[in-house]
Amino acid sequence: MENVKIEVENFNLHIKNQHILKNINCCIPEKKITVIMGYSGCGKTTLLKSMNRLTDLYNKVAITGNIYLNNKNIYDKDIEITELRRKMGLMSQRPSSLPMSIFNNVAYGLKISGRKKKISMGLRIEHYLKQVNLWDEVKDRLHEPANSLSIGQQQRLCLARGLAVDPELILADEPTSALDPISSAAIENKFMDLKNSYTIVVVTHTLRQAQRIADNIIFMNAGEIIEQSNAKDFFTNPKHELSQKFISGILA
Amino acid sequence: MVDISWGIPSIVYGTFAFSIMLYFGLRMSLLLGIITVAALIIPIMIRSMDEVFKTVPNELMEAGLSLGSTFSDVAFKIYLKQCIPGVITAIMLAFGRAIGDAAAVLFTTGFTDNIPTSLHQPAATLPLSIFFQLSSPIEAVQNRAYASAVVLMIIIIIVSVLGRYISKRMNHNKI
């Protein structure tokens, strides 16, 4: 039996009387890539953001149910939210590089997690940039602003910054939707490498991508989980009618 | 509320502060002028900085928070970096209004020919000295009014050039 990293239990989320997530129950296994799929607006992103409590930022959110990270309820009152979020690196749809130089973007993550030693900073940053295959492209212009990079490079930079805080999980919200095929492939390959040491949750509506990288699939529709199973079963033998329809998109 | 207080003419600020001063039996002084002008420019600063901060994309907050930074970290280390050019513009706008304002300080700071040695003495602001010295019949005093005008303009030019320079230097990291 594989270890469960995140367990969502009877989770409901309302925003302004709209029932966004309906009685969600699911498990995210450790050191696997779990892909959340579904049509636009079905609550994939909200579910992802509930996991690191970014939903706290929204107005008029009502939440019932529990999400457990390492068997600890993240909606407990005594939970340290910054500590919780540090455990989860987030990649958003469009890269959100910070308004600083390339170097400082990664350094920000390191500084936040309390590793301030100047001496090792450069080496660490090199390490993380190499980990996302960005080092060779940027090593001569580390002190240029991050927005001078292409979108694909920025997305990798964001991944490097996320890794720099030493998370346990990577939450990726359609990380490749704004990228060209080559940059997407670079990110996907990175995920495949990283899944040995991190738990990865990816939201996507690209079926092919899900086929390529997923170990487990969670299929959602209109705020409910329709099906969750391992990727092989899901693609060869979908149980629910809706998932069959969704998958037939590949064949069409 | 902020919009209303932005719209109030500065003479109203001046007379309002004056009536409060009368109530407490205070005399015109530099300090009271400073307080009045501060009240005058705060709405300008709030409004223009607010507009600047509204332009910051939401993702920046999410990105910052999901790295495990606190709200104040995000505010001071990320938002401020993004917004510093706009903040400087806001400060310059407010500074321009404050330094050129005569009406608000007319009753609160008063006017004197001496250099004040403490905050509790009246003081001459540049616009007021232009006003009073120009209405004097003596030509030498009138010339001093023109000198004040030149000084006022030079200060404003220096501040705005400096502001532009700083915001340009800070601008290149903006996303």
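Tutor: A residue counts as buried when its relative accessible area is under 20% and as exposed when that area is over 50%, with partly exposed in between. The model discussed here is predicted. B:Glu62 has a relative accessible area of 10% and is therefore buried.

Student: With which residue does B:Glu62 meet in a salt bridge?

Tutor: The partner is A:Lys49, and the closest N and O atoms of the pair are 3.1 Å apart. This pair crosses between chains: A:Lys49 belongs to helix H1 (residues 44–51) of chain A, and B:Glu62 to helix H4 (residues 58–66) of chain B.

Student: Is A:Lys49 buried or exposed?

Tutor: A:Lys49 has 11% relative accessibility, so A:Lys49 counts as buried.

Student: How many salt bridges are counted between chain A and chain B, and how many over all chains?

Tutor: Between chain A and chain B the count is 1 salt bridge. Over all chains the count comes to 12 salt bridges.

Student: How many residue pairs are in polar contact across the interface of chain A and chain B?

Tutor: The rule finds 1 residue pair there, with both residues at pLDDT 80 or more.

Student: Which elements of chain A each supply at least two residues of the side that touches chain B?

Tutor: They are helix H2 (81–86), E6, helix H3 (102–112) and helix H6 (151–164) of chain A. H2(A) gives the largest share of that side, 3 residues. Sorted by class, the side of chain A that touches chain B comprises 12 nonpolar, 7 polar and 4 charged residues.

Student: How should the size of the interface be read?

Tutor: The size of an interface is often given as the accessible area lost when the parts come together. Here the area buried between chain A and chain B is about 2000 Å², and carbon and sulfur atoms give 66% of it. A:Leu57, A:Pro99 and A:Tyr108 supply 29% of the area that chain A buries against chain B, more than any other three residues.

Student: How many residues does the contact take from each chain?

Tutor: The contact takes 23 residues from chain A and 22 residues from chain B.

Student: Strand E6 has been named as a contributor to the interface. Which way do the residues of E6 point?

Tutor: In a regular strand the side chains alternate between the two faces of the sheet. In strand E6 (residues 88–91) of chain A, A:Met88 and A:Leu90 point one way, while A:Gly89 and A:Met91 point the other way. All of these residues are buried.

Student: To which strand is E6(A) joined, and by how many bridges?

Tutor: E6(A) runs parallel to strand E7 (residues 169–173) of chain A, and 4 bridges join the two. Within this pairing, A:Gly89 stands opposite A:Ile170.

Student: Why is E7(A) described as largely enclosed by the rest of the structure?

Tutor: The description follows from burial: 5 of the 5 residues of E7(A) are buried, so the strand is largely enclosed by the rest of the structure. A:Leu169, A:Leu171 and A:Asp173 point one way from E7(A), whereas A:Ile170 and A:Ala172 point the other way.

Student: Which strand is joined to E7(A) by 5 bridges?

Tutor: It is strand E8 (residues 199–203) of chain A, which runs parallel to E7(A). The bridge partner of A:Ile170 in E8(A) is A:Ile200. A:Ile170 thus has A:Gly89 opposite on E6(A) and A:Ile200 as its partner in E8(A).

Student: Let us turn to chain B. How far apart in helix H3 are B:Asp50 and B:Arg47?

Tutor: They are 3 residues apart in helix H3 (residues 30–54) of chain B, so about one helical turn separates them. B:Asp50 and B:Arg47 form a salt bridge in which the closest N and O atoms are 3.2 Å apart. With a relative accessible area of 30%, B:Asp50 is partly exposed.

Student: Which other residue of helix H3 meets B:Asp50 in a salt bridge?

Tutor: The side chain of B:Lys54 does so, at 3.6 Å from N to O. B:Lys54 and B:Asp50 lie 4 residues apart in helix H3 of chain B, about one turn of the helix. B:Lys54 is exposed, with a relative accessible area of 56%. Salt bridges with shared partners join B:Asp3, B:Arg47, B:Asp50, B:Glu51 and B:Lys54 into one network.

Student: What does B:Ala90 touch, not counting residues up to four places away in sequence?

Tutor: B:Ala90 touches B:Ser48 and B:Met49. B:Ala90 lies in helix H5 (residues 71–99) of chain B and, at 2% relative accessibility, counts as buried. The C-alpha atoms of B:Ala90 and B:Glu51 are separated by 9.7 Å, although these residues are 39 residues apart along the chain.

Conventions. Residues numbered from 1 in each chain as written. Chains lettered and ligands numbered in written order. Predicted model: local features only at pLDDT ≥ 70, side-chain atom pairs only at ≥ 80, totals over all residues. Heavy atoms only, no water. Buried < 20%, exposed > 50% of the residue type's maximum accessible area, 1.4 Å probe, protein only. Pairing = 2+ DSSP bridges. Contact = heavy atoms within 4.5 Å. Buried area = accessible area lost by both parts, 1.4 Å probe. Salt bridge = Lys/Arg side-chain N within 4 Å of Asp/Glu carboxyl O. Polar contact = N/O pair within 3.5 Å; in protein donor to acceptor, adjacent residues only side chain to side chain. Nonpolar A, V, L, I, M, F, W, Y, C, P; charged D, E, K, R; others polar.
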